[in-house]
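Open the model in a viewer that lets you select residues by number. The tour below goes from one selection to the next and says what is there.

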Amino acid sequence: MKRFLLIILALTGLTAAKAQYDNDNYDEPGGFKKENVFLGGSLSLGFGSGSFAVGGNPEIGYSFNRWLDAGVVLNLNYASQTYYNYAGTTDDVKASSFNYGGGAFTRIYPLPFLFAQLQPEINWINYKYKNVGIPNATYSSLSFIAGVGYGQRIVTQGSYFLMIGLDLVSDKNSPYVDGYGHAVPIIRGGFDIYLKPSRRSTPSGPIL
């Protein structure tokens, strides 16, 4: 899965650098534009063997052109993991975590409806345990999320999207790994709204 995502991201980067949508005939004046600033966020969902995770990710960003967005994001996530004792000699061990943190994201659109996302993060995670003599603890963790997504984006108006990704670092304390240290899929769906909607832009993607 990781190799697949890396190949997709590499091809996406090469495509964007070569084509840039042929700049999509984007000949508007340069410089900072208020109408290119967007606010929004996403909900996240992760699952694996005995694990579950859900969270919210508010974000603020800027559309530099029709093929590139960048910004910052905050994280609020909850996750749980059950370690099953199939022999039945003891109770199953249950662990839960709550993390907060944030990072920066870059989205590259090689096609109007398809994007690749890179997102380095730092998180602080509070762990709680049940049915085992392990004290509660708080740790920090670095992550690097890589993913691909699909949606509709209208620069200066709004967007909505669905993305699937993986944490390529897989730090043992990462909120995106299961109790065995395996990366779990990160599924996020969300939307963004631009601060100053414009009537001039056209859709950058299919009407879903």
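A cavity is a set of grid points where a 1.4 Å probe fits but cannot get out. Searching the whole structure, which is a predicted model, turns up three cavities of 30 Å³ or more. They come later in the tour.

**The whole chain**

Begin with the cartoon view. The chain has one helix and eight strands, and in sequence order the pattern reads α-β-β-β-β-β-β-β-β. Now show the surface. The accessible surface of the chain is about 11,200 Å², and carbon and sulfur atoms account for 64% of it. Of the 208 residues, 43% count as buried. Contacts are worth a look too: among those between residues at least 6 apart in sequence, 63% join residues at least 24 apart.

**Salt bridges**

Four salt bridges are found in a search of the whole structure. Select Asp69 and Arg153, whose side chains form a salt bridge with an N to O distance of 2.7 Å. Asp69 belongs to strand 3 (residues 68–83) and Arg153 to strand 6 (residues 137–154), so this pair links distant parts of the chain, 84 residues apart. Asp69 and Arg153 are both buried.

Next, select Arg107 and Asp192. This pair also forms a salt bridge, with the closest N and O atoms 3.5 Å apart. Because Arg107 sits in strand 4 (residues 93–111) and Asp192 in strand 8 (residues 186–194), the pair ties together parts 85 residues apart in sequence. Both Arg107 and Asp192 are buried. Add Glu59 to the selection: Glu59, Arg107 and Asp192 are linked in a network of salt bridges.

Move on to Arg188 and Glu121, a salt bridge in which the closest N and O atoms are 4.0 Å apart. Arg188 lies in strand 8 and Glu121 in strand 5 (residues 114–130), so the pair joins parts that are 67 residues apart in sequence. Is Arg188 buried or exposed? The relative accessible area of Arg188 is 3%, so Arg188 is buried, the cut-off for buried being under 20%. Glu121 counts as buried as well, at 4% relative accessibility.

**The largest pocket**

Turn on a pocket display if your viewer has one. The largest pocket has a volume of about 410 Å³. Its lining has 25 residues, and the closest to the pocket centre are Tyr83, Tyr127, Val177, Asp178 and Gly179. Select those five to find the place.

Which strand gives the most to the lining of the largest pocket? Strand 3 does, with four residues. Strand 1 (37–48), strand 2 (51–65), strand 3, strand 4 and strand 5 each supply at least two residues of this lining. Coloured by class, the lining of the largest pocket shows 13 nonpolar, 10 polar and two charged residues.

**Phe52**

Select Phe52, which is found in strand 2. With a relative accessible area of 39%, Phe52 is partly exposed. Apart from neighbours within four places in sequence, Phe52 is in contact with Leu45, Gly46, Tyr78, Ala79 and Ser80. Then draw a distance from Phe52 to Asp178: these residues are 126 apart along the chain, and their C-alpha atoms are separated by 8.6 Å.

**The cavities**

Hide the surface and look inside. Rolling a probe the size of a water molecule over the atoms shows where empty space is left.

The largest cavity has a volume of about 100 Å³. Select Ser44, Ala53, Asn77, Pro175 and Tyr176, which lie nearest the centre of this cavity among its 16 lining residues. Strand 1, strand 2, strand 3, strand 4 and strand 8 each supply at least two residues of the lining. How many lining residues of the largest cavity are charged? There are no charged residues in that lining, which divides into 11 nonpolar and five polar.

The second largest cavity has a volume of about 50 Å³. Its lining is made up of Ser42, Asn57, Glu59, Val73, Arg107, Gln117, Gln119, Phe161, Met163 and Arg188. Strand 2, strand 5 and strand 7 (158–167) each supply at least two of these lining residues. By class, the lining of the second largest cavity has three nonpolar, four polar and three charged residues.

End the tour by keeping Glu59 and Arg107 selected: both line the second largest cavity, and both are part of the salt-bridge network with Asp192.

How values were computed. Residues numbered from 1 in each chain as written. Predicted model: local features only at pLDDT ≥ 70, side-chain atom pairs only at ≥ 80, totals over all residues. Heavy atoms only, no water. Buried < 20%, exposed > 50% of the residue type's maximum accessible area, 1.4 Å probe, protein only. Contact = heavy atoms within 4.5 Å. Areas by Shrake-Rupley, 256 points an atom, 1.4 Å probe, with all protein chains shown as cover. 1 Å grid on protein atoms, 1.4 Å probe; cavity = no way out; pocket = protein on both sides within 12 Å on 5 of 7 lines; lining within 4 Å. Points joined across faces, edges and corners; volume = space filled by probe spheres on them. Nonpolar A, V, L, I, M, F, W, Y, C, P; charged D, E, K, R; others polar.
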